[in-house]
Amino acid sequence: MKQLSEILKEVAFGSLSSGEAEMVIGWQKGPFWWQSFPAFITDPGGTGSLIWDPFSVSNLSKYLLKEVPEKKIALFLKGCDALGFNQMLRDGRVDREKVLLFGIPCDGLVDPARVEAAGLSKGLLQVKKEQEELIFYYKKGQRKAPARDFYYAKCLSCRYPNPVIYDQMLGEAVPCQPVERFADVSKLETTPLEERFSYWSRHFSRCIRCFACRNVCPACSCRECIFDLAEPRWLGKANELSETQFYHITRAYHVAGRCVDCGECARICPVGIPLAELNRKFIKDINELYGEYDAGADLDKEAPLLTFKTDDPDVSSGS
Amino acid sequence: MRRIGVFICWCGTNIANTVNIEGVTEAAGKMPSVIYADNYKYMCSEIGQSMIKEAIIKEKLDRVVVAACSPRMHELTFFKTAAAAGLNPYLVEIANIREHCSWVHKDKQEATGKAIALIRTAVAKAARNKELWATQIPVECRALVIGGGIGGIQAALDIADAGFEVDLVERTPSIGGRMAQLDKTFPTLDCSACILTPKMVEVASHHNITLYTFSEVEKVDGFVGNFEATIRKKARSIDLEKCTGCGICWEKCPSRVKSEFDEALVMRKAVYVPFPQAVPNVPVIDRASCRRFTREKCGICRKACPAGAVNYDQEDEVLQKKYGAIVVATGFDILDLDDFGEFSYGKHPDVLTSLEFERLVNSSGPTGGRLLRPSDQSPPKNVVFIQCVGSRDKSRGKPYCSKICCMYSAKHAILLREKYPEAQAYVFYIDIRTAGKDFEEFHRRAVEEYGALYLKGSVGKVFPDGDKLLVKGVDSLSGHAVEIEADMVVLAAAIKAKSDAPQLARLLGISTDTHSFFTEAHPKLRPVEAHTAGIFLAGACQGPKDIPETVSQASGAAAKAIILLSKDNLLSNPCVSEVNESLCTGCLSCIKVCPYGAVAEKTIEEKIHGKALKRRVAEVNEALCQGCGSCTVSCRPGAVNLKGFTNEQIMAEVDAICL
Amino acid sequence: MKKIAKEKLALLWELLAHKATLYFPLQEDGAVNFAPWKNGAQVDFGVNSIVPPKNVFFPQAETYLRFKTGAKRLQLESVEPEEKFILFGVRPCDLASFNILDKIFLEEPTDGLYAKRRRLGTLVSMGCNEPGETCFCTSFALEPAFAPGADVMVWDMGEFLLWEPRSTKGEALTAVINELLDEAAPEETAAAVRLRDTTAAGEAAAARQRGWNTEGLQEALRGKFNDELWEKLYHRCLGCGICTYLCPTCHCFDIQDFSRDLEGERFSCWDSCMFAEFTLMTSGENPRPTQKERVRQRFLHKLLYFPSKFGLYACVGCGRCVRKCPVHLDITQVIKEAGGVVSGS
Amino acid sequence: MKITTQSLCGTMVKEIAAISGENVAKCYQCGKCTAACPVNMAMDILPHQVLRFLQLGLVEAVLNCNTIWICASCFTCAGRCPRGVDLPGVMEALRAILLRKRGFSRFKAGDMPRVLNKGMPEQGIVSGFRKYTK
Amino acid sequence: MPVNLKLQSFEPLIIAFCCNWCSYAGGDLAGTSRMTYPANVRVIRVPCSSRVSSNFILRAFQRGADGVVVAGCHPGDCHYTSGNYFARRRFLLLQRFLEFLGMEPERFQVHWISASEGNRFAAVMTETTDKIRALGPNRKLRDTR
């Protein structure tokens, strides 16, 4: 990873100093071992602060919505980010001509919670990845452990570790070894109705309506979200379970057939609602009912909710 | 605060028997924004209507709710009532308390409760109704007819006779189409050319018709009343003005290629007129086979032409034309028989398609009308006609009936016997379908007077056997497998849509069925209209058809076009979608779900933080939109809304109906 | 000082819950949050709650008025809380946040509902044995293991909890559960003092390592309204409400109506200065048009406007925003960059 | 079965047409004759099949069946035929060919006593003679 | 027994979104043919089943509907050619999703009822009412205020 980190700095420097890009979006490091965050560099001299480490999890493509679209922007994309980028492209929210994409192969990123759970976080200064291992650095000494043990759940089921779109690929493609991603959904599907209802009610009742799941989502790219509209006010602001249900049903429904399954919503939810399971329920059903469809990857296929076949399965009448 | 008036109809006893009118009136009077509530025995009667009108004026009502029968019944009546009192009709809402209430419920208390709920719902919606106005769309009073077969010819003539300008675009060098290839026509045995050529000439000479042969429609933009088409006039390499049609050029031309018009049974020259009665009777140079163009040698025709009409440098001409209406009459093709190896078609020269047979009996055809076997130019004695080759065949062909084969095969059996009284026709059929005026009689004549032997059953295989063809089939009526030694086998190959029909459909924004035939707007009630307003269908491009049907559909399509063109302006349905550009994200999902191509993308410029930025948004063409509202649901931020059924209105209805 | 053995805690909860609604840090699906205790609930003192306990006084949404239209005059009916409650296990930082909320809701015009809840509630604070990785309470002059405003102060001493009533409300509560309490031995009391000292010292050391303090911070920020700093910072902000909703001191709210037909209610609900609609006016004008102005507002409000007006910073160093911000827009880094004085070593 | 022009237009076919005065091609095989026939249960080839066989030129098959003898010439078929085919006439022609041209006899004098014993009316016996023998 | 009594006294509220061209007309036909179905059903007229947004359905549940029916033209017969095909996809997914969240699938139903199927309209509404009455009041997506 060290090497990739260096290449990343070089191409960032190159694209800014050559004028190919006016801004580079990459990652920087904060004081804590787990703090890697999006960075926006316009000065070639600032590219030295860019990093690539096991915590560079933020999807950078979503920022293209906010940045003034006239600027030519260079951007680093992981596999999941690339899918999100493609979805935004499909939604007409980014201009392919105005971005320079550097692809980063990524076989997984580290979930700080797993490091903490393993009791490795106390006094931890830095975590580095070497081959398949993580090296944990402390004031005194270091420890090693298999990297995959600490990956985010979303990374373990990742099916696109290598970007599907880029102008330049940085580093070697990594192998793809996803675990079954619908396991949780399938399990929930078989639990009794009432149990399922209380499961979701419990999770939804924790929701604080911070909208982080929406704001981080590359498929949520509306200029103004219906949840924010004052007229008509679809979503009330009361602390009322039915409204939270409305929010989560509608959010998932709006990204149905568009969700690239990057898992960011679930990752950043501050209260731990398993949002990805909602999205994956739709993905699973769409795959079963209308044929396999990978949003962000299957660019030659029409989005499942924007097309139909005359012999589609019928809506059972609830009997 | 709105000023809503509610008018409750008794409908004689129809409503009043099951619904407590007084109770409902009282409850309605207390609903939010309702300032007036009254009832009457027959609201739709003159007295009832004047009651409403008076109340609108006296009480200064700004919304009206009529609780009566189904809106599908009297909505228009009450719209007019409101309009007469100066209220925009779209401020009226109907609560259906008859069909959906008093007639389906027995218990008076229940029905009364439901009637109140329905009225409350209508009141809630009405409060959010807005004035709507039908917009006027000017109509370009010209028509475009695509396809110069009998359908296109008839439509063009009818529209032109009604006094409108028509452009008729035909892809091949001459108009005439399939009908020009035929010899006789069933069931009267009229000579096809004799009845067609006068019409072709009429088209050419009609002062309202401009003929574009050897031309294609490349692009169609716009919408009903305002289409703009791009027409490519391909280079003919012959000056239409100078050419006299003397024929020296094609006499001298050294290049020979298979004649499309004669179904490849003979050769034509590289410079050619497809058939002697062609309109215009001016040759074209087929550049793909002309030596001048393929090898940059030759030039004989130019030297030979006494009129100096040959022009090798002619270029394609691209025209932009505006039209109010379009008639599509692009005809059909014959199914490719590659998958039907058992008939030896293509392997034995005496196995023919019906269209080839047609050319062989045609006096302008390759044999001058003497029916001769292509193999040895001898007259055939036994001819086997096989029906349903690819028709009614789900596995290798088309599941539909090609409709005309039964009749033309009977015709062929008759023509055979007329040419050779000793010859025997055998017809293998699955069912005989003779639904048409004089069709059954014609078929029976073939059997009874012309001695054609009809065998109900299929042919399993045709074996070339010396100079004969051994046909093995079955007569399922007698239960016998049969063998016939034939001199000629004629296959009634299925009719199919033109292979490029889907492209044309895309270009025009109309739809096709699973077999690529253009789809009509309604199979029963709007059979000559396409789904896209202002586009009409004629002939076999919509499905297999015979000549009389094609002609009547063409006249029907022409009549529809004339109705459209005779208006200066079109009034559009005001309940159409609209886009709130500030909310529109430009994902254009709406375009994907619109069945009418009524949504398009446009670029707007706006200032964001002091910078002028361009972005794409959706735009609804009100002339094309039919108001289904599918786009509104595909729009996640709710930027697309359907006037008359807005999100706000329906949400208010939901809130009110759930109380 | 009293103490209670850990094995008696279950009895304690039951006794307290019997007396009043008992809010506890409860663990559910791995997330710890304050919620009314019920039998079988999983109490977790190990980490501080994700959502701060401010919602006990300042609920996410709260109806305060019911109305009826249709009659000649609008009929109004106000709603008031009646329920007594105990908030158990509040950390000293969160407890300090109530002082900040008090400045808003108890100063004129007083928020009656908030004031009543403050009166109805008894606060049992639990000292921190060890500050968390992202904690920085000492930088805002707080003590990790001691909350001056608590009605009762408790410390987790391993085998038992030390229990020290610190107000009349605290004394009253202690009286109720007295049967479960034992007198703490002097050395046990001394241990609590030691605990206070070591945690404070530990956090102070950590603070030195962080390399900033609030000395002169307001002066430094006063000239920074148009500073490039905000330009640099705002880019990565996603505009979500995590920082404000998880902040124990954020107190912005909106007023909304809910109605059915002729009846309805008016409620206040949390709002966030991070949201674009927060300052959106009916005219369509938005004085904070981009995330830059919103990010600047959030930090300047906490670190400059609020202290200028009320004399204390609107931050208690609980570290929730540092930990939960998806893009690590870290307030401690902002302070550092904006000119918080870099301390000694 | 081979079908040829010869078999279709053979002399027998022409003869049947000449004797019956009927064009068997008129028949379109709807089967009304068979459906209406009161004695079809005793026939080996059904009435409409008789016509079909003749359309195909299968004269011998028809001459060898019992149908033409079972036919009672009741004319139900002719009365109901939508194509107006005189099927009893065709049956008669077939019988005539057998009786007159081929010397066939279905009923011989020696059979008489057996019938008489059954109390057959005289008129029936005379008719039988006319139908079954030369 | 008291439990049963309580169940029997429950009358569900059922909201039916009917497309103008087929199902609403089918409802009209049920009326003109004087068929009967329970008064629990209340119809909202929309131009096409594709006009029905999930938002409306959820809103109906929030505001107290015990069951929601969307009715449109039979697939292939849509007045607007293809609206019901889109609706079919949208609602099948929604139905399965609501069930995934623990909602009884009977509470949200989709039916294709043509303008000539007055009897079917009445039968569907009767059956739906019976089913939902048996399920009892819906509390799952309901606004508790």
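Select B:Pro187 to begin: this residue sits in the loop between β8 (184–185) and β9 (190–191) of chain B. Show the backbone there, and you will find a cis peptide bond joining B:Phe186 and B:Pro187, with omega at about -5°. Keep in mind as you click around that this is a predicted model.

Now go to B:Pro280, in the loop between β15 (271–272) and β16 (284–285) of chain B. Here a cis peptide bond links B:Val279 and B:Pro280, and omega is about 0°. As background for these stops and for two later ones, most peptide bonds are trans, and most residues other than glycine have a negative phi.

**Chain B by domain**

Next, colour chain B by its domains: domain 1 (4–127), domain 2 (142–234 + 316–331 + 498–565), domain 3 (248–304), domain 4 (333–496) and domain 5 (577–643). If you place a marker at the C-alpha centre of domain 1 of chain B and another at that of domain 5 of chain B, the markers will lie 35 Å apart.

**A sheet, a hairpin and a helix in chain B**

Select β11, β12 and β17 of chain B. They form an open sheet in the order β11-β12-β17, with antiparallel pairing. Which strands stand at the edges? They are β11 (215–223) and β17 (317–323) of chain B, each pairing on one side only. On average, neighbouring strands of this sheet are turned by 20° against each other, direction ignored.

Zoom in on β11(B) and β12 (residues 226–233) of chain B: these antiparallel strands are joined by eight bridges. One pair to pick out is B:Ser215 with its bridge partner in β12(B), B:Lys233.

Move along to β29 (residues 520–522) and β30 (residues 526–530) of chain B, an antiparallel pair with two bridges. The hairpin from β29(B) to β30(B) passes through three residues. Label B:Glu520 and its bridge partner in β30(B), B:Ala530.

Then select helix α16 (residues 547–565) of chain B. How far apart should its ends be? At 1.5 Å a residue, the 19 residues should span 27 Å, and the end C-alpha atoms are 26 Å apart, which agrees. Buried residues in α16(B) include B:Ile547, B:Thr550, B:Val551, B:Ala554, B:Ala558, B:Ala561 and B:Leu565. While you look down the axis, recall that an α-helix has 3.6 residues a turn, so residues three or four places apart point the same way.

**Where the chains meet**

Show all the chains together. Of the seven pairs of chains in contact, which share the most contacts? The pair is chains B and E. In this interface, 36 residues of chain B are in contact with 36 residues of chain E. On the chain B side, α3 (71–84), α4 (98–102), α5 (108–127), α18 (630–634) and α19 (647–657) each supply at least two residues. The largest share, six residues, comes from α19(B). Colour this side of chain B by class, and you will have 17 nonpolar, ten polar and nine charged residues.

Other pairs stay apart. Chains A and D do not touch, and their nearest C-alpha atoms are 39 Å apart. Chains D and E have no contact either, with their closest C-alpha atoms 36 Å apart.

**Over to chain A**

Chain A is assigned domain 1 (2–113 + 141–169) and domain 2 (183–306). Their C-alpha centres lie 25 Å apart. The contact takes 17 residues from domain 1 of chain A and 16 residues from domain 2 of chain A. On the domain 1 side, helix α2 (residues 79–90) of chain A gives the most, with six residues. By class, that side of domain 1 has eight nonpolar, five polar and four charged residues.

Now display the open sheet of five strands in chain A, ordered β2-β1-β3-β4-β8 with mixed pairing. Its edges are β2 (36–41) and β8 (168–169) of chain A; each has a single partner strand, so one side of each is left without a neighbour in the sheet. Strand β1 (residues 23–29) of chain A pairs with β2(A) in the antiparallel sense over six bridges, and A:Val24 has A:Ile41 as its bridge partner in β2(A).

Stay in chain A for A:Gln131, in the loop between β5 (124–130) and β6 (133–138). Its phi is positive, near 50°. Buried or exposed? A:Gln131 is exposed, with 6 other C-beta atoms within 10 Å.

**Last stops in chain C**

C:Ala141, in the loop between β7 (121–126) and β8 (152–156) of chain C, also has a positive phi, about 60°. C:Ala141 is partly exposed, with 13 other C-beta atoms within 10 Å.

Finish at C:Ile104 in helix α2 (residues 92–105) of chain C. Draw a C-alpha to C-alpha distance to C:Phe306: the two are 202 residues apart in sequence and 9.9 Å apart in space.

Note on methods. Residues are numbered from 1 along each chain as its sequence is written. Chains are lettered from A and ligands numbered from 1 in the order in which they are written. This is a predicted model: local features need pLDDT of at least 70, side-chain atom pairs count only at pLDDT 80 or more; totals for chains, interfaces and linings use all residues. Two strands pair if DSSP finds at least two bridges between them. Helices (H or I, at least four residues) and strands (E, at least two) are DSSP runs, numbered from the N terminus. Axes are lines fitted to C-alpha atoms, for helices over the stretch in contact, and angles run from 0 to 180 degrees between N-to-C directions. Two residues are in contact if their C-beta atoms, placed from the backbone, lie within 7 Å. Ala, Val, Leu, Ile, Met, Phe, Trp, Tyr, Cys and Pro count as nonpolar, Asp, Glu, Lys and Arg as charged, and the others, Gly among them, as polar. Domain bounds come from an automatic or database domain assignment. The expected span of a helix is 1.5 Å times one less than its number of residues. A residue is buried if 20 or more other C-beta atoms lie within 10 Å of its own, exposed if 12 or fewer, and partly exposed in between; C-beta atoms are placed from the backbone.
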